[in-house]
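Me: Could you zoom in on one helix packing for me and walk me through it properly? Please spell out the cut-offs as you go.

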Amino acid sequence: MRSARAEIALAPDVRRVREDFPALRQTVHGHPLVYLDNAATTQKPQAVLDALMSFYTRDCANVHRGVHLLSERSTAAYEGARETVRRFLNAADTREIVFTRGATESINLVAQTYGRANLRAGDEILISGLEHHSNIVPWQMLAAEKGASLRVAPIDDRGDIVLEEYEKLLGPRTVMVALSHVSNALGTINPVRRMIEMAHRVGAVALIDGAQAVPHLKVDVRNLDCDFYAFSGHKVFGPTGIGALYGKARLLEAMPPWQGGGDMIRSVTFEKTTFNDPPYKFEAGTPHIAGAIGLGAAIDYVTGIGLEQIGVWERELLAYGAQELARVPGVRLIGTAREKAAVLSFVLEGVHAHDIATILDRQGIAIRAGHHCAQPVMERFGVAATSRASFAFYNTRLEIDALVEGLGQVKEIFE
Ligand code: PMP
């Protein structure tokens with residue numbers, strides 16, 4: 001174990017890092033912006049903005065089709081971004097990386113292709129009680145269509161999945177397991193490697209929703225041995241409207257396509273169409289070329305800082321934030337899992353989460369209030385909504401102090 005002091009020495013130079021993010025320099029309602037809503041979306045470094053600008057001012061052309069120079073440049077940049085995502089996830093091959101609109105589309109793609117092709121009436125899909133709606137609803141829709149059923153592994157009072165119950169729910173009927181790597185509502189880091197291994201023991205295929213994991217943890221899809229891994233670019237400092245799906249090559253090859261259109265075909269006649277190979281089979285139409293390039297730039301930026309260093313700093317922020325919030329009378333933390341990413345969900349006695357967020361906004365502090373697209377999690381903890389502060393590596397202890405001070409003012413208003 002490294003000592004706490006040695007760990008901190010490894011942390012990124014936050015003051016320098018903040019200079020890379022133009023959005024962080026603004027004031028909101030006359031106060032310096034304190035942006036603590038990173039689980040919803042992250043701010044973008046200049047390197048990402050430059051990559052988008054450079055594409056649109058220099059290289060803008062469609063991909064894969066043109067023989068002219070601009071098209072060659074745009075194709076090279078787009079496919080280069082795919083290689084960047086492959087390296088980021090440690091996938092074996094770029095054929096395993098499909099660009100999508102984000103985690104939601106990646107999950108729907110798997111439900112509508114792998115799921116539709118492989119589920120029969122009576123089969124089971126197993127998820128957990130921690131899931132975001134985007135890892136619930138696509139499976140519910142599929143289950144309804146196929147006459148399959150959705151099973152849910154429960155969570156305990158800390159916000160950890162009860163592994164014994166999860167294991168009991170796995171069985172010969174389980175065809176698909178879909179689990180979040182990190183919970184957006186509570187920050188719980190799930191032991192997905194172990195859970196995937198258990199799913200494989202009963203012959204199920206495992207999809208991991210990594211939307212909240214990739215900004216915080218080093219992900220290695222080969223080490224996890226997941227069958228599918230979904231994430232969104234905008235949560236990892238990249239543009240909105242772009243994300244990726246990792247799928248094992250042999251599964252992607254066997255899966256039917258999803259949407260039909262240009263680029264996903266090899267040949268088309270009115271009688272018959274033959275489909276392209278993965279990943280193109282799943283990328284019908286002109287893709288979000290600029291978005292993919294921006295995502296590549298974001299990943300280069302994040303890996304340039306280093307996910308280990310990011311983890312060190314975020315653990316520090318989480319510990320400090322939890323300690324300081326606990327000092328505010330009436331605050332109750334929701335989600336105290338053994339392993340957590342930098343998310344603090346809480347309720348304040350007597351004050352609705354939306355009122356907290358509105359009052360804090362007047363002080364320039366951006367947090368989230370609501371059910372966080374995870375209504376079953378709220379129900380499990382018996383609350384309608386929580387306030388959620390979620391951190392990125394550019395956040396500081398001073399910003400946490402501002403949050404705590406802001407909560408003091410909330411209390412004064414309501415007392
Ligand atoms: N899964 C989790 C755990 C999330 O936090 C989110 C976004 N809040 C999603 C999936 C969906 O991501 P997107 O809206 O970018 O598709």
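Reply: First, a bit of vocabulary: a crossing is left-handed if the near helix is turned anticlockwise from the far one by less than a right angle, and right-handed if clockwise. This is a predicted model, so local features need pLDDT of at least 70 and side-chain atom pairs count only at pLDDT 80 or more, while totals for chains, interfaces and linings use all residues. Residues are numbered from 1 along each chain as its sequence is written, and side-chain values use heavy atoms, leaving out hydrogens and water.

Let's take α5 and α6. Helix α5 covers residues 103-118 and helix α6 covers residues 137-146 (helices are DSSP runs of H or I, at least four residues; strands are runs of E, at least two). Their axes come within 9 Å and cross at roughly 20°, with each axis fitted to C-alpha atoms over the stretch in contact and angles running from 0 to 180 degrees between N-to-C directions. α5 and α6 are therefore roughly parallel to each other (under 35 degrees; over 145 is roughly antiparallel, 65 to 115 roughly perpendicular, the rest oblique). The handedness of the α5 and α6 crossing is right-handed.

Who does the touching? On the α5 side, Ile107, Asn108, Val110, Ala111, Gln112, Gly115 and Arg116 make the contact, and on the α6 side Pro138, Trp139, Leu142, Glu145 and Lys146 do (contact means heavy atoms within 4.5 Å). By class, the α5 and α6 contact residues split into six nonpolar, three polar and three charged (Ala, Val, Leu, Ile, Met, Phe, Trp, Tyr, Cys and Pro are nonpolar, Asp, Glu, Lys and Arg charged, the others, Gly among them, polar).

For comparison, look at helix α4 (residues 69-89) and helix α11 (residues 289-305), whose axes sit 8 Å apart at an angle of about 40°. That makes α4 oblique to α11, and the crossing of α4 and α11 is left-handed. Residues meeting there include Ala77, Tyr78 and Ala81 in α4, and Ala292, Ile293 and Leu295 in α11. The contact of α4 with α11 counts 10 nonpolar, four polar and one charged residues.

Zooming out, the protein chain holds 15 helices and 17 strands. Its C-alpha atoms fill a box of roughly 75 × 55 × 40 Å along the principal axes. Of its 415 residues, 57% count as buried (under 20% relative accessible area, exposed being over 50% and partly exposed in between, with a 1.4 Å probe and protein chains only).
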